[in-house]
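Visitor: Before we begin, may I ask you to explain how the terms used for a structure such as this one are justified?
Guide: Certainly; let us look at the structure together and set each value against its definition.

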Amino acid sequence: MAPRKHKPVFTPPPQDLRRRAVNFTKGFRLKLAPEELRKLEEVVERASDALSQDVAGKLRLLRAALEDVAAADTRADTAMRALRTLSLEIKGMGGMFKYPLLTAFAKSLNDFVKTIDQPTPIQLDIIAAQIDALYVVLARQIQGDGGRTERELLQALRQATAKYKNPARDTAD
Amino acid sequence: MSDGGMADYERIDFSKISFLVVEPNRLMGQMVRDVLMTLDAQYIDRARDFESAVTLLRMGRIDVMITEWVLSDEKLGRTGMDIVHWVRNDAQSPNRMMPILMMTANSEEEYVCRARDCGVSEFVAKPYTVNGFYTRLAAAIARPRQFVRIDAYFGPDRRRRRDADYDGPERRAALDIG
């Protein structure tokens, strides 16, 4: 470990906000009561349909981006960025509305595309297969982690992405 | 999170707190806003990119920021991490010790470490549970950590674990000036 150049300088925890907002009479306890938590969960549940429609729109954009990448024209760079951003967004959204399998497939896709700049034909096939899998999960409304078939498909895609990803780019952007 | 005793009775009055939610996805941003409003928050600003976030922050009214890592203008190289860095280090930042929650699908350990090393107060991995989000939000507000400047870092003290069995010298304690 490299030696530190300076000694650490500590400042006490800021208390302004705590003084203003924390009390013993009004507001929400630090550990939510079950009925309070239920109210907050209802907020997310109410958004489920809208989230589902939003993901459907992102899947269409993913397909369009894949076509642009495959065309290998001037739009390819932008389309690769779109593949990364859209797959990351779906990864973060799926589990919010009872579709953890969407999150799992989107993570697999995102982990793959962030290692690639100019995909080879086989890498394009793997990307297409992952987008297809996302479509199936949403179209068939497969909530939870699916069944045996879905788990096997996810495993197969993970193996394919591990085999064909670009190890030189296998780091966080 | 409970400390026992009086802490079990503490409450957070969210109506006294001003929030900034930086989220490029309209629906996800709306959901955070709805959750905050259900908690009785009265003042919630929203931004989708670095510039609009910093403009709102400069006004000096924001108490707590909740930001996504990946922003609308990421192609220009600006991310939620740049906003965190601005809050913690820029001379124009109105509150360098503001509680900041990073809420992102970039949830792997390397991202968590990078967010911590940038000065994020709490990290919420998407998809998140409402309880997980609330727990981190409440901790950032009611259990603020001391801040530390060491080399290029300024932010919350990154040491969280206390080893009860550690019997060596408290080297850092000797340097504390707070």
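**Two helices in contact**

Guide: In this predicted model, A:L101, A:L102, A:F105, A:A106, A:S108, A:L109, A:F112 and A:V113 of α5(A) are in contact with A:I126, A:I127, A:Q130, A:A133, A:L134, A:V137 and A:L138 of α6(A). By class, this contact comprises 13 nonpolar, 2 polar and no charged residues.

Visitor: What makes α5(A) roughly antiparallel to α6(A)?
Guide: The axes of α5 (residues 100-113) and α6 (residues 121-139) of chain A cross at roughly 165 degrees and come within 9 Å. Angles over 145 degrees count as roughly antiparallel, and therefore α5(A) is given that description relative to α6(A). The crossing of α5(A) past α6(A) is left-handed.

Visitor: How do you know that α4(A) is close to its expected span?
Guide: The expected span is 1.5 Å times one less than the number of residues. Helix α4 (residues 76-94) of chain A has 19 residues, for which 27 Å is expected, and from first C-alpha to last it reaches 26 Å. The two values are close.

Visitor: Why is α4(A) called mostly covered?
Guide: A residue is buried if 20 or more other C-beta atoms lie within 10 Å of its own. Of the 19 residues of α4(A), 15 are buried, so the helix is described as mostly covered.

Visitor: Why does B:Y128 count as buried?
Guide: B:Y128 has 20 C-beta neighbours inside 10 Å. The definition asks for 20 or more, so B:Y128 counts as buried. B:Y128 is placed in the loop between β6 (122-125) and α5 of chain B.

Visitor: Which residues does B:Y128 contact, leaving aside its neighbours within four places in sequence?
Guide: They are B:M103 and B:F133. As for B:M98, B:Y128 is 30 residues from it in sequence and 22 Å from it in space, C-alpha to C-alpha.

Visitor: What does chain B consist of, in terms of secondary structure?
Guide: Chain B has 5 helices and 8 strands, and from the N terminus on they run β-β-α-β-α-β-α-β-α-β-α-β-β. Of its 178 residues, 40% count as buried.

Visitor: How many residues of chain B are in contact with chain A?
Guide: 48 residues of chain B are in contact with 48 residues of chain A. On the side of chain B that touches chain A, at least two residues each come from β1 (11-12), α1 (26-38), α4 (109-118), α5 (130-142) and β7 (147-150) of chain B. By class, that side has 27 nonpolar, 7 polar and 14 charged residues.

Note on methods: Residues are numbered from 1 along each chain as its sequence is written. Chains are lettered from A and ligands numbered from 1 in the order in which they are written. This is a predicted model: local features need pLDDT of at least 70, side-chain atom pairs count only at pLDDT 80 or more; totals for chains, interfaces and linings use all residues. Helices (H or I, at least four residues) and strands (E, at least two) are DSSP runs, numbered from the N terminus. A residue is buried if 20 or more other C-beta atoms lie within 10 Å of its own, exposed if 12 or fewer, and partly exposed in between; C-beta atoms are placed from the backbone. Axes are lines fitted to C-alpha atoms, for helices over the stretch in contact, and angles run from 0 to 180 degrees between N-to-C directions. Angles under 35 degrees count as roughly parallel, over 145 as roughly antiparallel, 65 to 115 as roughly perpendicular and the rest as oblique. A crossing is left-handed if the near helix is turned anticlockwise from the far one by less than a right angle, and right-handed if clockwise. Two residues are in contact if their C-beta atoms, placed from the backbone, lie within 7 Å. Ala, Val, Leu, Ile, Met, Phe, Trp, Tyr, Cys and Pro count as nonpolar, Asp, Glu, Lys and Arg as charged, and the others, Gly among them, as polar.
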